[in-house]
There are 2 protein chains.
Amino acid sequence: MKLGPLIINHQSIIGVIGLGYVGLPLIIRFSEEGFKTVGFDVDDSKVDMLNKGTSYIKHIQPEKISSAIRQGFSATIDFSLISDVDIIIICVPTPLGVHNEPDLSYIQSTLQSIKVHLRENQLLVLESTTYPGTTEEEILPIVEDAGFIVGDNFFIGYSPEREDPGNKDYTTKTIPKVVSGYTENCLKLTKALYDQIVDQTVPVSSPRVAEMTKILENIHRAVNIGLVNELKMVADKMNIDIYEVIDAAATKPFGFTPYYPGPGLGGHCIPIDPFYLTWKAKELGMNTRFIELAGEINKAMPNYVVQKVGGALNDIGKSIRGSKILILGLAYKKNIDDLRESPSLVIIDKLLDLGADIQYSDPYFNQIPPTRKHKLELRSIPINAKILSDSDIVLLVTDHDDYDYDLILKEAKIIIDTRGRFNSDNDKIVKA
Amino acid sequence: MKLGPLIINHQSIIGVIGLGYVGLPLIIRFSEEGFKTVGFDVDDSKVDMLNKGTSYIKHIQPEKISSAIRQGFSATIDFSLISDVDIIIICVPTPLGVHNEPDLSYIQSTLQSIKVHLRENQLLVLESTTYPGTTEEEILPIVEDAGFIVGDNFFIGYSPEREDPGNKDYTTKTIPKVVSGYTENCLKLTKALYDQIVDQTVPVSSPRVAEMTKILENIHRAVNIGLVNELKMVADKMNIDIYEVIDAAATKPFGFTPYYPGPGLGGHCIPIDPFYLTWKAKELGMNTRFIELAGEINKAMPNYVVQKVGGALNDIGKSIRGSKILILGLAYKKNIDDLRESPSLVIIDKLLDLGADIQYSDPYFNQIPPTRKHKLELRSIPINAKILSDSDIVLLVTDHDDYDYDLILKEAKIIIDTRGRFNSDNDKIVKA
């Protein structure tokens with residue numbers, strides 16, 4: 001059967017490469033629609049867990065994995081099985097190198113692993129966020145080198161992921177999905193594929209437009225958060241509570257959208273993706289100054305928080321060295337178990353360097369797992385009146401809903417609030 | 001009677017100083033609710049027109065003026081009549097000086113004109129956009145010098161205007177209004193006042209918070225437009241249509257709000273107000289780098305457009321000098337008769353300097369009125385097939401809905417489109 005009918009009849013076998021925050025929900029979604037799925041990953045511990053029906057992502061319930069297994073799902077580290085699938089969807093990470101340059105090594109090694117196993121009549125779709133041109137410059141040559149005629153006996157698409165872990169209002173199914181293809185046939189098949197699992201697809205004219213779309217979404221957030229972070233510091237000098245200002249401005253029914261400041265950007269998208277465009281733009285002699293300014297200001301936020309801690313301690317005649325600081329929250333945003341790029345880790349590291357006596361509490365992390373940059377041997381402690389009142393400073397970095405904010409307000413001596421959670425008219429609150 | 005009951009019973013007399021885009025709709029709105037109103041302005045031609053029941057603002061119908069007159073409205077240049085009113089609302093312009101510094105001269109001269117006429121039990125509200133601190137630093141001392149005790153026998157408020165000329169969805173009545181007062185009594189009266197004429201008031205804790213709120217709204221727009229203007233130039237180099245990208249991104253149901261690029265910022269708010277904060281921040285040793293970057297990029301847009309014109313002419317072997325260029329649109333945004341800060345004037349000026357043969361068409365302006373910077377002796381011409389096809393370039397600067405876009409597309413040789421109005425897959429379209 002041709003690929004189009006196979007897709008429409010839910011008989012095409014779906015291969016997803018990269019079984020993380022993006023790939024796993026995608027597999028589950030295809031399974032829910034009756035597709036047989038194969039998950040590929042280089043991490044055999046993940047593969048083992050999935051094949052046993054267990055989950056390693058908190059917001060993905062194990063029942064969803066078991067249910068996918070009943071629908072024919074299996075996970076594997078054997079990339080030769082790529083020849084068994086009709087659809088190949090690549091969901092591997094695209095991090096930054098140490099000089100803010102794109103690190104496409106996960107995509108490139110994936111392509112190296114699969115290229116000898118590609119066969120005619122397959123559709124290969126990239127979902128990873130990347131700079132405009134990647135699909136044509138990185139994927140197309142490999143497929144053509146393998147002897148295929150793209151748009152004729154092999155098909156290439158790009159459809160950026162829009163996952164938002166922790167978002168209760170939208171799911172993989174209800175978030176509209178931008179789709180593109182290298183040729184018109186490629187677009188048709190890519191659109192047909194996602195039409196089976198999402199309520200609305202948004203076709204665009206080329207992979208580079210789709211790539212730019214995803215980057216724009218993240219640039220928009222990074223810049224707007226950078227802007228309010230800068231204005232927060234200015235407002236602070238003017239004795240103005242920026243949260244009161246933002247909430248008042250948000251009553252304007254047109255022309256304004258509220259964004260909120262914080263202790264710095266986190267997560268695997270917003271702090272990273274914009275620099276993919278910066279890098280590519282430089283190749284063309286262009287600058288992306290808003291992105292660089294946002295990066296600079298957002299990256300300086302943990303320092304600003306540490307300064308506020310130092311200032312508050314100084315007011316009571318203490319130094320950071322030797323002071324007891326209780327950190328509330330490790331995750332990069334509230335109510336999730338994701339530490340990637342979390343500013344909390346940077347803040348803890350800086351305070352430790354300055355000699356602080358650090359404890360932390362985060363219901364999502366019993367201990368601080370080792371990250372690329374940090375090896376912190378701390379364990380989460382439960383909050384109680386004694387712990388709060390024994391601390392010189394309680395530093396709220398992530399405003400999880402689980403915390404007992406009334407207790408914190410009652411017992412803490414000084415609260416450094418990086419999230420605008422507390423009303424600033426209480427003397428013990430310092431906004432940072 | 002005390003001021004509060006006077007307001008609530010619609011018996012307080014409302015004096016509005018500055019009868020422009022902000023003051024006039026405000027007077028009309030108070031009249032509609034049965035208040036007697038007095039309009040103050042230094043421009044006696046405006047005062048004469050209003051007293052004859054005529055309007056000098058296109059979107060304000062003369063019937064509304066006549067109807068206000070029947071309700072007791074009159075206009076005057078005699079500021080001694082300030083002692084007859086209960087409420088004084090200042091709606092004068094707050095432009096920028098030539099070095100991007102705040103020009104508060106209209107507020108200051110207003111205060112000089114009225115200070116000897118102030119009397120006990122009046123409420124004075126400033127609506128002009130300005131930097132945080134203005135109400136306390138400029139208005140308060142003058143009222144106190146006049147011998148009043150603010151909050152006791154005289155009241156001061158700040159409530160920023162949110163007028164949006166041409167907006168069909170919202171009116172003075174339906175746009176929520178931020179209100180503040182120097183003391184609690186001042187806030188109560190200011191809130192009570194606006195509660196009579198708008199559906200929702202939004203009280204904030206101080207005039208400086210209200211001042212910052214209005215500035216934030218405009219900074220948000222200036223920065224977001226600056227961002228898409230920068231990305232437009234980058235996308236152009238990548239052969240990507242930024243409008244297609246923005247529209248695709250706008251399908252994301254959370255975390256993204258579309259803003260569109262253009263030929264540069266215009267109007268009396270967005271290009272100007274943000275620099276009020278920049279100026280004030282410098283007093284505190286702080287920078288507002290997003291505002292300055294947005295200003296720089298937005299101000300460079302007319303140059304970018306002129307470069308695109310030059311490039312398109314160069315492609316057909318012509319110079320700007322001697323080429324026939326038809327400009328569509330003078331107003332700073334579509335469907336309004338407002339030229340203030342319009343980038344169109346800057347573009348025309350530059351093209352004339354370069355020797356272009358310029359004609360223009362704008363249904364809202366029969367001729368180009370003299371502005372502070374430009375004295376252009378041109379008259380609007382109607383668009384027809386001959387004019388379009390005789391022009392080397394048709395340059396769309398303001399995308400008024402009145403234009404016959406099909407005719408333009410059919411007859412023009414080259415269209416430079418600064419508004420994304422045309423689909424870019426036609427060869428004669430150049431996006432700028």
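**Arrangement of the two chains and their sheets**

In this predicted model, chain B is superposed on chain A by a rotation of 180° with 0.0 Å of shift along its axis, and the RMSD is 0.0 Å. This is the relation of a two-fold axis. In general, two copies of a chain are related by a rotation about an axis and a shift along it.

The contact between the chains takes 49 residues from chain B and 50 residues from chain A. On the side of chain B that touches chain A, the elements that give two or more residues are α8 (207-237), α9 (242-249) and α11 (289-315) of chain B. Of these, α8(B) provides the largest share, 17 residues. Sorted by class, the side of chain B that touches chain A has 30 nonpolar, nine polar and ten charged residues. Of the interface residues of chain B, 100% are also interface residues in chain A, so the copies meet through the same surface.

Within chain A, the domain assignment gives domain 1 (3-205) and domain 2 (245-431). The centres of domain 1 and domain 2 of chain A, taken over C-alpha atoms, are separated by 34 Å. The contact between them takes 14 residues from domain 1 of chain A and 14 residues from domain 2 of chain A. On the side of domain 1 of chain A that touches domain 2 of chain A, seven residues are nonpolar, five are polar and two are charged.

Two sheets of chain A are described here, beginning with an open sheet of eight strands in the order β3-β2-β1-β4-β5-β6-β7-β8, in which the pairing is mixed. The edges of this sheet are held by β3 (74-76) and β8 (201-203) of chain A; each has a single partner strand, so one side of each is left without a neighbour in the sheet. Neighbouring strands are turned by 25° against each other on average, direction ignored. Strand β4 (residues 87-90) of chain A is joined by four bridges to strand β5 (residues 123-126) of chain A, and the two run parallel. In this pair, I89(A) stands opposite V125(A) in β5(A). Helix α3 (residues 44-51) of chain A packs on the sheet, where it touches β2 (37-40) and β3 of chain A. The direction of helix α3 of chain A makes about 165° with that of β3(A).

The other sheet of chain A is also open and has five strands, in the order β10-β9-β11-β12-β13, with parallel pairing. Its edge strands are β10 (357-361) and β13 (429-431) of chain A, and because each has a single partner strand, one side of each is left without a neighbour in the sheet. The twist from one strand to the next averages 25°. In general, strands of a sheet pair through backbone hydrogen bonds, either parallel or antiparallel. Strand β9 (residues 324-328) of chain A runs parallel to β10(A), to which five bridges join it. I325(A) stands opposite I358(A) in β10(A).

In chain B, five bridges join strand β9 (residues 324-328) to strand β10 (residues 357-361), and these strands run parallel. The bridge partner of I325(B) in β10(B) is I358(B). Between β9(B) and β10(B) the chain passes through helix α12 (residues 343-353) of chain B, forming a β-α-β crossover that is right-handed.

Technical notes: Residues are numbered from 1 along each chain as its sequence is written. Chains are lettered from A and ligands numbered from 1 in the order in which they are written. This is a predicted model: local features need pLDDT of at least 70, side-chain atom pairs count only at pLDDT 80 or more; totals for chains, interfaces and linings use all residues. Two strands pair if DSSP finds at least two bridges between them. Axes are lines fitted to C-alpha atoms, for helices over the stretch in contact, and angles run from 0 to 180 degrees between N-to-C directions. Domain bounds come from an automatic or database domain assignment. Two residues are in contact if their C-beta atoms, placed from the backbone, lie within 7 Å. Ala, Val, Leu, Ile, Met, Phe, Trp, Tyr, Cys and Pro count as nonpolar, Asp, Glu, Lys and Arg as charged, and the others, Gly among them, as polar. Copies are superposed by least squares on the C-alpha atoms of residues with pLDDT of at least 70 in both. A crossover is right-handed if, with the strands pointing away from the viewer, the path from the first strand over the helix to the second runs clockwise.
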